[in-house]
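Open the model in your viewer and keep the selection panel at hand. The stops below say what to select next and what is there.

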Amino acid sequence: MGGQPGFWEQLWVARFAMLDGLANTALVSAIAIAIGTVLGLLLGLALAYGNLAVRIPARAYVDVMRGIPVLVLVFFSFYGLGLVGLDIAAFEAGAVALAGFCTAHIAELARGAIASIPVGQTEAAKSIGLGFWQRVWYVVLPQAARRILPPWVNTAVEIIKASSLLSVIGVVELLLATQQIIGRTYKPIPFYLIAAVVYFAICYAVSWLGGRLERRYAYLKY
């Protein structure tokens, strides 16, 4: 009688399930980071330059979203949005939750980076006839980008790790795919170890690329 398949044989059988989970993790993280970065920069500009009617709701959004655990946001997106007539799938609900969380953090990073730009820079740009959006695009944002980049990388890594929370609403990302494999193989330690190594590899790659960009920006002068 043949014995139970060995771990490496089980891993080979489960490879496509893990790769599919990894693909979902990468996709939902990329969507959340991309949307969060764009909306966060716009919200940061609103916090830095908006009038009181714009700053108050922007500040309320940032403070509320930064103060709510990601898991609560995930549950709210999945269950709460349906109460207002937005019936979306688990994957989309998870992406909305992560993007909303990312937006708030990027907005605060952008606001702080913009506030750190010396006033003389914008005054000099104004003196040569640049309009508001020209000053923002050509003077403020290039300098702010260098200040935003390191914490932006940290935020991106946090979003990647937080994507594992989407398993609670049924998104078959890397963690849930691993748990499903464990349910069939009864080998939790080796498969969880592989999942941990994969998460580490992704986060380390993002941090490494961010470090390379940061060192490259350090040589640029504005």
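Select F78 first. In this predicted model, F78 has a relative accessibility of 26%, so F78 counts as partly exposed, falling between the 20% and 50% limits. Leave F78 on screen; its ring comes back later in the tour.

**Aromatic pairs**

How many aromatic pairs does the count come to? The count comes to seven aromatic pairs.

Now select Y49 and F132. Their rings form an edge-to-face pair, 5.2 Å from centre to centre, with 90 degrees between the planes. Colour the helices to see where each ring belongs: Y49 is in helix α2, residues 15-49, and F132 is in helix α7, residues 132-162. This pair links distant parts of the chain, as Y49 and F132 are 83 residues apart.

Are these two residues buried, partly exposed or exposed? Y49 is partly exposed, at 35% relative accessibility. F132 also counts as partly exposed, with a relative accessible area of 33%.

Go back to F78 and add Y79. The ring centres of F78 and Y79 are 4.8 Å apart and the planes stand at 75 degrees. An angle over 60 degrees counts as edge-to-face, so the pair of F78 and Y79 is edge-to-face.

For the last stop among the rings, select F7, W8 and F191. Ring pairs join F7, W8 and F191 into a cluster.

**The loop before α7**

Select G131. This residue is in the loop between α6 (119-127) and α7. G131 is partly exposed, with a relative accessible area of 28%. Add I35 and draw a line between the two C-alpha atoms: G131 and I35 are 27 Å apart in space and 96 residues apart in sequence.

**Where α3 crosses α5**

Show helix α3, residues 52-67, together with helix α5, residues 90-115. How do their axes run? The axes of α3 and α5 come within 9 Å and cross at roughly 120 degrees. That angle makes α3 oblique to α5. The crossing of α3 and α5 is left-handed.

Next, show the side chains at this contact. Helix α3 contributes R59, Y61, V62, M65 and R66. Helix α5 contributes G100, F101, T103, A104, H105, A107, E108 and R111. Colour the contact residues by class to finish: six are nonpolar, three are polar and four are charged.

Notes:
Residues numbered from 1 in each chain as written. Predicted model: local features only at pLDDT ≥ 70, side-chain atom pairs only at ≥ 80, totals over all residues. Heavy atoms only, no water. Axes fitted to C-alpha atoms, helices over the stretch in contact; angles between N-to-C directions. Helix = DSSP H or I, 4+ residues; strand = E, 2+ residues; numbered from the N terminus. Parallel < 35°, antiparallel > 145°, perpendicular 65-115°, else oblique. Left-handed = near helix turned anticlockwise from the far one by under 90°. Contact = heavy atoms within 4.5 Å. Nonpolar A, V, L, I, M, F, W, Y, C, P; charged D, E, K, R; others polar. Phe/Tyr/Trp six-rings, centres within 6.5 Å; stacked < 30°, edge-to-face > 60°. Buried < 20%, exposed > 50% of the residue type's maximum accessible area, 1.4 Å probe, protein only.
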